[in-house]
Amino acid sequence: MMRIGRLYMSKDKHIAVIGTGYVGLVAACCLAKSGHRVVAAEKNSDKLKQLQGGVMPIYEEGLSDIFTAVTGDGRLTFTSDLKTALAHATVLIIAVGTPSLADGRVDLAQVNAVAVAIARLAEKPLTVIMKSTVPPGTGKSIFKRYFSQAKVPIQYVSNPEFLREGKAVWDWYHPDRLVIGCAAPEVADQLIELYSDIEAPKVTMDITSAEMVKYASNAFLATKISFINEIANLCERVGASIDAVAPAVGMDKRIGPHFLQAGLGYGGSCFPKDTKGLEHVSVFNDYNFNLLKAVIEVNARQRVTAVRKIIKALDGVTGKKIAILGLAFKPGTDDVREAPALDIIDYLISEGAKIAACDPLALVSAKQRFPTEDIQFYTDPYQACRDCAAVVLATEWPEFVNLDWEQIKQGMQMPCMLLDGRNVLDKDVIKRYGYRYEAFGRN
Ligand code: UGA
């Protein structure tokens, strides 16, 4: 390692990144920006073509500029061929998908396939870094089943990511901690060097504990959200206001102010999958994780509660037009995976409603999900809300929060219901415009 000023610059490493989803692409771009030479492997040929043609397949704040810079100077290249990526690398990052199976179990098919191929194709010593989220115990098993049999030495590291979609580049450079799970201190040192330009505590531990840190962190954050949603529901019943309660609870430093925003609950590719995955790990290990089950149930119930509020306000939704503002699971992303809006749309359509859906970024992905005539898609929220009996603010995009709600109301049909699914609008102003305003626990 050489020292430049106050910064330690790591020597360039040759890195392969397998998988170019949110995690893989951010890792590949940011590591290339740090000076490493990165080859990223992508097996989807359309996506590969896009990447090789300089087109970003996802929206992620700040990533496009880095992508252009590092592909421009050749520090980041793409291939479909794992063998090519391996031939280049001394360090390999696995960042392939680990989706949920129908029963909630984590589908490790892609991870296992990559591990088998690495063990078969590696021809020089390699450090494999697992960034895909895998259940506790997976790393040890992968090492034993595949890597310990390889013809060259392969080191295995669990290095979970804590990147938020939409803020992933910021989070890459400013993590609260870097978790490094491995069997030997010299392997941890390699990662500490790899991340030498990132100022954060580097916490080393065994592989299974590192895997558990990832699940425990996401499960705890999901628990905070479901907890505050329960309190909001109770606030409604006892006449308290969650707007007063949540911030005051969060001022206790032991609790903290984050993830106490009540509303439609969590969505996305991580919390739903990881809570269900951890629940399954518990069942498999003969443990009844009651708290986690309740977290999952409460989250699902929030969506049903939203639909019930709409049906009640409209006295049934058959034949009525309802606008859904926001399809992405949160603002700042085009990702609609497990987004509350999608379930709400499904419920409302099954009750006979006509849906006008609007989102600044996520229309393309949402259209694939709803091949039905019961839903129309809009880029303009004012047009979407026209002639609607109810509007659901499902994602707190700033451009939706700051709409001219007085103007929207003028184009609507009675009872002009506005369901503020994220508790973000000024309810007094909204009520003054004549809306029938509903939210979660805002008395
Ligand atoms: C989450 C974690 O925050 C990251 O640390 C983690 O790396 C990532 O999962 C992952 O496992 O890869 P992300 O899914 O991008 O990141 O989204 P968050 O910003 O955490 O929000 C998740 C959901 O919770 C969103 O639907 C959001 O609307 C909801 N939420 C969040 C609430 O309903 N209330 C809150 O107070 C906070």
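Trainee: Which element gives the largest share of the shell around the ligand?

Mentor: In this predicted model, the largest share of that shell comes from H9, which contributes three residues. Which residues come nearest is a separate matter: of the 20 residues around the ligand, these are Glu161, Glu165, Lys214, Asn218 and Cys270.

Trainee: How should I read the chemical character of the shell around the ligand, and into what classes do its residues divide?

Mentor: For such a reading each residue is placed in a class by its type, with Gly counted among the polar ones. Here the residues of the shell divide into nine nonpolar, four polar and seven charged.

Trainee: Which polar contacts reach the oxygen atoms of the ligand, and at what distances?

Mentor: A polar contact is a pair of N or O atoms within 3.5 Å, and three cases can be described here. An N or O atom in the side chain of Glu161 is 2.8 Å from an oxygen atom of the ligand, whereas Phe162 places a backbone N or O atom 3.2 Å from a ligand oxygen. Glu165 also uses a backbone N or O atom, which lies 2.7 Å from an oxygen atom of the ligand.

Trainee: How much of the accessible area of the ligand does the protein cover?

Mentor: On its own the ligand has 710 Å² of accessible area, and the protein covers 90% of that. The elements that give two or more residues to the shell are helix H9 (207–238) and helix H11 (271–284).

Trainee: Why can the ligand be said to lie between domain 1 and domain 2?

Mentor: The argument rests on which domains supply the shell: domain 1 (3–205) and domain 2 (271–438) both give residues to it, so the ligand lies between them.

Trainee: Turning to the strands, how is S12 placed, and how is S11 joined to it?

Mentor: As a general idea, the side chains in a regular strand alternate between the two faces of the sheet. In this structure, four of the five residues of strand S12 (residues 354–358) are buried, so S12 is largely enclosed by the rest of the structure. Strand S11 (residues 321–325) runs parallel to S12 and is joined to it by five bridges; one of the pairings links Lys321 to its bridge partner in S12, Lys354.

Trainee: Is Arg422 buried or exposed, and what does its side chain contact?

Mentor: A residue counts as buried under 20% relative accessible area, and Arg422, with a relative accessible area of 10%, is therefore buried. Arg422 sits in the loop between strand S15 (417–420) and helix H18 (427–432), where a polar atom of its side chain lies 3.1 Å from the backbone oxygen of Ala394.

Trainee: And where is Asp420, and which backbone atom does its side chain reach?

Mentor: Asp420 belongs to strand S15 and counts as buried, at 0% relative accessibility. The side chain of Asp420 reaches the backbone nitrogen of Asn423 at 3.0 Å.

Trainee: What should I look for when I check the backbone geometry?

Mentor: Most residues other than glycine have a negative phi, and most peptide bonds are trans. Against that background, the peptide bond from Met414 to Pro415 is cis, with omega near 10 degrees, and Pro415 itself lies in the loop between helix H17 (405–410) and S15.

Trainee: What is the sign of phi at Glu338 and at Asp387?

Mentor: Neither residue is a glycine, yet phi is positive at Glu338, at about 55 degrees, and positive at Asp387, at about 70 degrees. Glu338 lies in the loop between S11 and H13 and is partly exposed, with a relative accessible area of 40%. Asp387 is found in the loop between helix H15 (381–385) and strand S14 (390–393), and at 42% relative accessibility it counts as partly exposed.

Trainee: How far apart in space are Pro331 and Lys131?

Mentor: Separation along the chain and separation in space are read independently. Pro331 and Lys131 are 200 residues apart in sequence and 24 Å apart in space, C-alpha to C-alpha. Pro331 lies in the loop between S11 and helix H13 (340–350) and is partly exposed, with a relative accessible area of 23%.

Note on methods: Residues numbered from 1 in each chain as written. Predicted model: local features only at pLDDT ≥ 70, side-chain atom pairs only at ≥ 80, totals over all residues. Heavy atoms only, no water. Near = heavy atom within 4 Å. Polar contact = N/O pair within 3.5 Å; in protein donor to acceptor, adjacent residues only side chain to side chain. Areas by Shrake-Rupley, 256 points an atom, 1.4 Å probe, with all protein chains shown as cover. Domains from an automatic or database assignment. Buried < 20%, exposed > 50% of the residue type's maximum accessible area, 1.4 Å probe, protein only. Pairing = 2+ DSSP bridges.
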